[in-house]
Amino acid sequence: MSMYFTKEHEWVKVDGNQATVGISEHAAHELGDITFVELPQMGKVVKQFDTLAGIESVKAASDIYSPVSGKVIQVNDKLEDAPELVNESAQDAGWICKLEAADLAELGALMDVAAYAEYLKGLE
Amino acid sequence: MEEMKATPLRAHHESLKALMAPFGGWLMPIQYAGIIAEHKWCREQAALFDICHMGEFLFQGDIVADGLEDVFTFSVQGIPVGRSRYGFLLNAAGGVIDDLIVFRLAEDRVMIVVNAATIANDFAVIRSRLKEGANFTDVSDQTAKLDLQGPLSREVLVGLFGAEIGTIPFFKFITTKILGVDAIVSRTGYTGELGYEIFLPADKVCELWELLLKDPRVAPAGLGSRDLLRLEVGYSLYGSDLDESTTPLAAGLSSFVNLSKEFVGKDALVKEQQAGPARVKVAFRVSSRRAPRHHYEIFQDGAPVGSVTSGAFSPMLGCGIGLGYLKPEAAALGTKLVIKHERVEMEAEVVELPFYAGGSLRS
């Protein structure tokens with residue numbers, strides 16, 4: 001399964017039409033210690049790049065934007081008591097939520113792993 | 001733009017891969033291992049902070065005749081030799097120009113420790129209030145300051161520099177030799193833990209830093225964890241919780257103001273005391289892990305009543321905590337508040353300080 005990234009440092013991994021969403025390791029590192037994750041409401045319907053969730057660290061409060069359009073079908077409720085999971089495993093166990101993706105063609109507007117790595121180099 | 005200043009330890013911080021950021025005109029280490037890890041280390045072990053950016057002034061002379069007695073909100077003459085006192089330098093309106101600590105080094109000798117961003121202005125203001133020709137000098141550049149804070153700080157320092165350090169009571173200090181040079185070791189700090197502030201010549205600070213870090217009980221900590229540690233015990237941060245538009249009365253710090261003596265700003269404080277302050281500093285606890293942050297707005301029953309001046313997620317309490325200034329009618333203990341900023345919203349309740357009282361401060 002391939003992972004795709006947004007310019008705002010969210011990632012999405014698609015299995016069928018189920019899209020798992022999180023923030024990138026780079027973003028987690030930049031935020032520093034994560035202290036709170038505002039999980040989205042189950043059933044919430046979002047458009048691509050709309051605000052999906054929120055995240056707070058010792059440094060800042062930020063919005064998390066949805067990499068694809070869809071409906072929230074699962075949230076990672078482990079993050080309620082252990083938001084530090086995002087620091088420990090941003091691109092795996094620290095996933096934020098799963099969406100039922102509305103249109104997989106939207107992945108074309110995202111970066112693949114190699115393109116995202118290039119993008120990060122450009123930010124340095 | 002004014003050039004960013006750096007402490008003598010800059011290369012040491014960079015070699016430890018610290019995240020460096022501007023603070024009060026200085027390039028300072030914000031974190032090394034991480035803010036929460038360093039916070040925990042300070043509450044459990046001994047954390048080492050580079051505080052060389054703070055300012056030190058020396059006064060030598062007759063405290064009363066040279067005018068120093070009337071400069072601050074407390075009596076300098078009344079501080080016994082070997083003791084220090086916390087208080088304020090005020091403007092004529094009673095606003096806080098700086099919060100500072102005065103160390104009584106001898107009958108006729110005093111060291112004043114001030115915040116980094118306010119060094120130049122503080123020096124000019126104090127100078128202008130002293131008698132012409134008084135012996136008053138800014139020794140900030142020659143003076144380094146390291147803070148070692150945490151429950152194990154005493155045994156670390158006693159092991160390295162001898163038993164006398166172990167006998168210093170809270171808010172007392174000794175002058176001693178460290179690495180062969182004159183140093184001041186003070187039982188003060190900004191963390192709520194047992195801890196020491198060490199003042200020594202700037203050219204010796206790298207050696208002391210390296211020596212302290214060789215001890216496995218000691219780890220470096222940055223200004224990020226320092227801010228969290230001080231907030232948990234309710235200490236004010238100058239520039240956030242205190243400024244020239246804030247009086248010590250509004251800030252709830254009247255115990256550091258002696259209205260039975262003369263000082264600039266006294267008349268304004270007396271008037272404010274009679275009328276009651278227009279806004280007061282309150283402490284509040286959030287009902288979730290959300291952190292209130294500087295400038296977030298505070299509401300009571302839907303009406304705006306003030307704003308946040310400091311806030312964070314508290315690792316010790318497991319929830320958000322903060323300080324802010326509110327209309328007095330919203331400041332009573334137990335008052336329910338709502339704190340908002342853009343999409344972020346949290347419920348909070350006015351509580352007593354300190355948020356965290358379990359520290360080793362007086363142990």
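Is the crossing of H2(B) and H6(B) left-handed or right-handed? In this predicted model, the crossing of the two helices of chain B, H2(B) and H6(B), is right-handed. Helix H2 of chain B spans residues 35-44 and helix H6 of chain B spans residues 223-232, and the two pack with their axes 8 Å apart at an angle of about 55°. Because angles from 35 to 65 degrees fall outside both the roughly parallel and the roughly perpendicular ranges, H2(B) is oblique to H6(B). On the side of H2(B), the residues that take part are Ile35(B), Glu38(B), His39(B) and Cys42(B), and they meet Gly224(B), Ser225(B), Leu228(B) and Leu229(B) of H6(B). Sorted by class, this helix-helix contact has four nonpolar, three polar and one charged residues.

Helix H6(B) also has a relation to a sheet, since H6(B) lies across S2 and S3 of chain B and runs at about 70° to S3(B). The sheet in question is an open one of three strands, arranged in the order S1-S3-S2 in chain B, and its pairing is mixed. Its edge strands, each of which pairs on one side only, are strand S1 (5-6) and strand S2 (19-23) of chain B. Strand S3 of chain B covers residues 26-31, and S2(B) and S3(B) run antiparallel, joined by five bridges. Within this pairing, Phe23(B) has Trp26(B) of S3(B) as its bridge partner.

A further open sheet in chain B is formed by five strands in the order S6-S7-S8-S5-S9, with antiparallel pairing. Here the edge strands, again pairing on one side only, are strand S6 (84-90) and strand S9 (135-138) of chain B. On average, and with direction ignored, neighbouring strands of this five-stranded sheet are turned by 25° against each other. Strand S5 of chain B, residues 55-60, pairs with S9(B) in the antiparallel sense over four bridges, and at one position of this pairing Gln60(B) stands opposite Asn135(B) of S9(B).

At the level of domains, the assignment for chain B gives domain 1 as 5-52 + 141-232, domain 2 as 55-135 and domain 3 as 279-350. The centres of domain 2 and domain 3 of chain B, taken over C-alpha atoms, are separated by 34 Å.

The contact between the chains takes ten residues from chain A and twelve residues from chain B. On the side of chain B that touches chain A, these residues divide into five nonpolar, three polar and four charged.

Two features of the backbone remain to be described. In chain B, the peptide bond from Leu353(B) to Pro354(B) is cis, with omega near -5°, and Pro354(B) is found in the segment that comes after strand S20 (344-351) of chain B. In chain A, His9(A) has a positive phi of about 75° although this residue is not a glycine, and His9(A) is located in the loop between strand S1 (3-5) and strand S2 (10-15) of chain A.

Technical notes: Residues numbered from 1 in each chain as written. Chains lettered and ligands numbered in written order. Predicted model: local features only at pLDDT ≥ 70, side-chain atom pairs only at ≥ 80, totals over all residues. Contact = placed C-beta atoms within 7 Å. Nonpolar A, V, L, I, M, F, W, Y, C, P; charged D, E, K, R; others polar. Axes fitted to C-alpha atoms, helices over the stretch in contact; angles between N-to-C directions. Parallel < 35°, antiparallel > 145°, perpendicular 65-115°, else oblique. Left-handed = near helix turned anticlockwise from the far one by under 90°. Domains from an automatic or database assignment. Pairing = 2+ DSSP bridges.
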